[in-house]
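Okay, thanks for squeezing me in. I'd like to walk you through one model today, starting with a sheet and ending with some rings. Let me put it on the screen.

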Amino acid sequence: QVQPVESGGGLVQAGGSLRLSCTASGRTFSTYAMGWFRQAPGKEREFVAAIGRTGGITYYADSVKGRFTISRDSAKNTVYLQMNSLKPEDTAVYSCAQGLRVGIWDYWGQGTQVTVSS
């Protein structure tokens, strides 16, 4: 397996929560930064959150700050995106990315659909 694989998407009502997972095997997980991006219909892909190789530093888009939390579990080769207080405008395909440093993404997953109903 080369590409990261996302899971956990689905349909949720506004105000609800979802947790996305992204498993990246085939490489030494702890040497890679991980990020989450999303793309809504008719819009460009946008950055959501990122986490450094050790998990000691995180970054968030202003639109999700305080509602989403990114974390990683190196023992499971998995990065998570906990999404709380979801809004209809959070509806998008969420993809994870893997790179040797934050901001330079080398590998991308296929994405998982998140739909938030009003």
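Quick bit of vocabulary before we start: two strands count as paired here if DSSP finds at least two bridges between them. And keep in mind that this is a predicted model.

With that rule, look at S3, residues 18-23, and S8, residues 78-83: the two pair in the antiparallel sense over 6 bridges. If you want a landmark in there, Leu-18 stands opposite Met-83 in S8.

Now zoom out to the sheet around them. What order do the strands take? S1-S3-S8-S7, in an open sheet of 4 strands with antiparallel pairing. S1 (5-7) and S7 (68-73) have just a single partner strand each and stand at the edges, so one side of each has no neighbour in the sheet. From one strand to the next, the twist averages 20°.

Next stop, Gly-8. You'll find Gly-8 in the loop between S1 and strand S2 (10-13). Buried or exposed, or something in between? Gly-8 comes out partly exposed, with a relative accessible area of 35%. Leaving aside residues up to four places away in sequence, Gly-8 touches Leu-18, Arg-19, Leu-20 and Thr-112. So that Leu-18 from a moment ago turns up again, this time as a contact of Gly-8. Glu-46, on the other hand, is 38 residues from Gly-8 along the chain, and their C-alpha atoms are separated by 19 Å.

Right, on to the rings. The count comes to 4 aromatic pairs. One of them is Tyr-32 with Tyr-107, an edge-to-face pair at 6.3 Å centre to centre, with 70° between the planes. What does that pair tie together? Tyr-32 is in the loop between S3 and strand S4 (33-39), while Tyr-107 belongs to strand S10 (residues 107-108), so the pair links parts that are 75 residues apart in sequence.

The two partners differ in exposure. Tyr-32 is buried, because its relative accessible area of 11% falls under the 20% cut-off. Tyr-107 is at 25%, so Tyr-107 counts as partly exposed.

Tyr-107 has a charge to deal with, too: the charged end of Arg-27 sits over its ring, 3.3 Å from the centre.

Last picture. Phe-37, Phe-47, Trp-105 and Trp-108 form one aromatic cluster. Over the ring of Phe-37 you'll see the charged end of Arg-45, 6.0 Å from the ring centre.

That's my tour. Over to you for questions.

How values were computed. Residues numbered from 1 in each chain as written. Predicted model: local features only at pLDDT ≥ 70, side-chain atom pairs only at ≥ 80, totals over all residues. Heavy atoms only, no water. Axes fitted to C-alpha atoms, helices over the stretch in contact; angles between N-to-C directions. Buried < 20%, exposed > 50% of the residue type's maximum accessible area, 1.4 Å probe, protein only. Contact = heavy atoms within 4.5 Å. Phe/Tyr/Trp six-rings, centres within 6.5 Å; stacked < 30°, edge-to-face > 60°. Lys NZ or Arg CZ within 6 Å of the ring centre and 35° of its normal.
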